[in-house]
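User: I am new to this structure. Please show me how to read its packing, one feature at a time.

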Amino acid sequence: MNIKITGTGSYIPSNIEKNENFHQHQFLNTDGSTINHPNEIIVEKFQAITGIDERRYAKNHLNSSDLGFFAAEKAIADAKINPETIDYIIVAHNFGDVKHNAIQSDMLPCLASRVKHSLRIKNPKCVAYDILFGCPGWIEGVIQAQAFIKAGMAKRCLVIGSETLSRVVDKHDRDSMIYSDGAGATIIEATEDEGGILAHETASFTYDEAYYLFFGNSNNQELCRDTRYIKMDGRKIYEFALSNVPNAMKTCLDNSGLDIKDVKKIFIHQANEKMDEAILKRFYRLYKTDIPEGIMPMSIHKLGNSSVATVPTLFDLVKNNKLENHSLTKGDVIIFASVGAGMHINAIVYKY
């Protein structure tokens with residue numbers, strides 16, 4: 001028995017927020033003081049570091065559970081399955097359903113229950129629950145689905161990563177330009193087909209690292225005193241990722257029994273182009289080998305950082321030949337890897 005991804009789907013919002021749309025923002029330092037650079041220069045430097053040209057925002061009437069539902073419908077159709085046969089629905093997110101222009105998150109019932117309701121699944125044996133695991137949430141959901149199937153508790157699982165980060169950003173913080181909305185979904189099931197999940201690796205670092213990403217006050221200390229927003233220590237996250245993600249990827253690949261030269265594609269969480277490039281460089285340095293051309297697809301330039309949705313969305317795009325110069329062939333060995341709030345890291349080696 002092998003455990004494979006048999007269907008994928010993604011929902012990419014149609015609303016495009018371009019970099020020039022931030023030229024009129026009032027960006028402030030963390031202490032509330034004015035930044036002594038024009039916004040055009042701030043945005044230009046931001047683009048040079050992150051690689052982000054534009055990002056996607058959900059329409060006002062849609063919430064994260066809606067985006068997850070849309071992606072799930074596509075994954076179910078792609079897998080050609082009856083949704084009543086799904087044993088688990090696992091939804092990875094960070095902030096629940098945050099309505100447009102609201103300051104309160106809604107996670108009751110859980111987003112997985114909402115997706116199951118929208119799919120009109122009647123089967124009470126289809127168990128629906130959420131996981132909060134930062135940006136690596138979708139990968140961790142896939143690892144949990146694999147565990148359920150291996151244990152004989154399930155034959156088929158639906159794993160979703162969905163987020164509307166545009167609704168929890170501080171518009172006075174330059175980091176607000178990073179975040180975006182989207183959803184990706186996958187069907188994971190037992191199969192006799194060759195390939196599937198070959199190895200996985202997960203770790204949580206919380207001693208010094210727990211609050212590298214956190215909920216904090218606006219940089220505009222006068223206007224937004226009572227509302228909390230997603231905040232991060234970018235420098236510490238960058239250093240943490242470079243120190244830990246390549247090692248996790250190497251441990252995962254070594255446990256799979258495969259060689260670095262067998263790897264055809266690496267799907268890394270789309271957080272920052274420069275950071276992802278540095279992770280890749282360090283990973284290949286561990287094997288003392290050169291980086292193959294075209295090994296790492298990137299969607300961050302147009303889609304931004306949609307947290308748990310970046311990896312499954314990117315995988316769906318490449319699988320369906322919707323990302324230029326990237327494709328997959330049956331038998332290709334790929335790696336999924338992510339880093340995020342917690343701080344958590346994980347990786348999967350997978351044979352397509």
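User: Which residues of the largest nonpolar core touch the most other members?

Analyst: In soluble globular proteins, nonpolar side chains tend to be buried together. This model is predicted. Its largest nonpolar core has 53 residues. Ile230, Val245, Met249, Ile266, Ile279, Phe283 and Val339 touch the most other members.

User: Which elements give two or more residues to this core?

Analyst: They are the helices and strands α1 (39–50), α5 (234–256), β13, α6 (273–286), β14 and β15 (344–351). The most comes from α5, which gives 9 residues.

User: What does isoleucine 279 touch?

Analyst: Leave out residues up to four places away in sequence. Isoleucine 279 then touches Ala241, Leu242, Val245, Pro246, Met249 and Ile268.

User: How many residues are in the other core?

Analyst: That core, which lies apart from the largest one, has 30 residues. Ile3, Ile5, Ile131 and Ile139 are among them.

User: Now the rings. How many aromatic pairs does the structure hold?

Analyst: It holds 16 aromatic pairs. To read a pair, take the distance between ring centres and the angle between planes. Planes over 60 degrees apart count as edge-to-face. Take tryptophan 138 and phenylalanine 336: their ring centres are 5.4 Å apart and their planes stand at 85°, so this pair is edge-to-face.

User: Where do tryptophan 138 and phenylalanine 336 lie?

Analyst: Tryptophan 138 is in helix α4 (residues 137–150). Phenylalanine 336 is in strand β14 (residues 333–340). The pair therefore ties together parts that are 198 residues apart in sequence.

User: Is tryptophan 138 buried or exposed? And phenylalanine 336, buried or exposed?

Analyst: Buried means under 20% relative accessible area. Tryptophan 138 has 1%, so tryptophan 138 is buried. Phenylalanine 336 is also at 1% and counts as buried.

User: Why is the pair of phenylalanine 267 and phenylalanine 336 called tilted?

Analyst: Their ring centres are 5.6 Å apart, and their planes are at 40°. That angle is neither under 30 nor over 60 degrees, so the pair is tilted. This pair links distant parts of the chain: phenylalanine 267 is in strand β13 (residues 263–268), 69 residues from phenylalanine 336 in strand β14. Phenylalanine 267 is buried, at 0% relative accessibility.

User: Which residues form one aromatic cluster?

Analyst: Trp138, Phe267, Phe315, Phe336, Tyr350 and Tyr352 form it.

User: Which charged ends sit over rings?

Analyst: Look for a charge and the ring beneath it. The charged end of arginine 235 sits over the ring of tyrosine 238, 5.3 Å from the ring centre. For lysine 250, the ring is that of tyrosine 287, and the distance to its centre is 5.0 Å.

Note on methods:
Residues numbered from 1 in each chain as written. Predicted model: local features only at pLDDT ≥ 70, side-chain atom pairs only at ≥ 80, totals over all residues. Heavy atoms only, no water. Phe/Tyr/Trp six-rings, centres within 6.5 Å; stacked < 30°, edge-to-face > 60°. Helix = DSSP H or I, 4+ residues; strand = E, 2+ residues; numbered from the N terminus. Buried < 20%, exposed > 50% of the residue type's maximum accessible area, 1.4 Å probe, protein only. Lys NZ or Arg CZ within 6 Å of the ring centre and 35° of its normal. Core = buried A, V, L, I, M, F, W, Y, C linked by side-chain atoms within 4.5 Å. Contact = heavy atoms within 4.5 Å.
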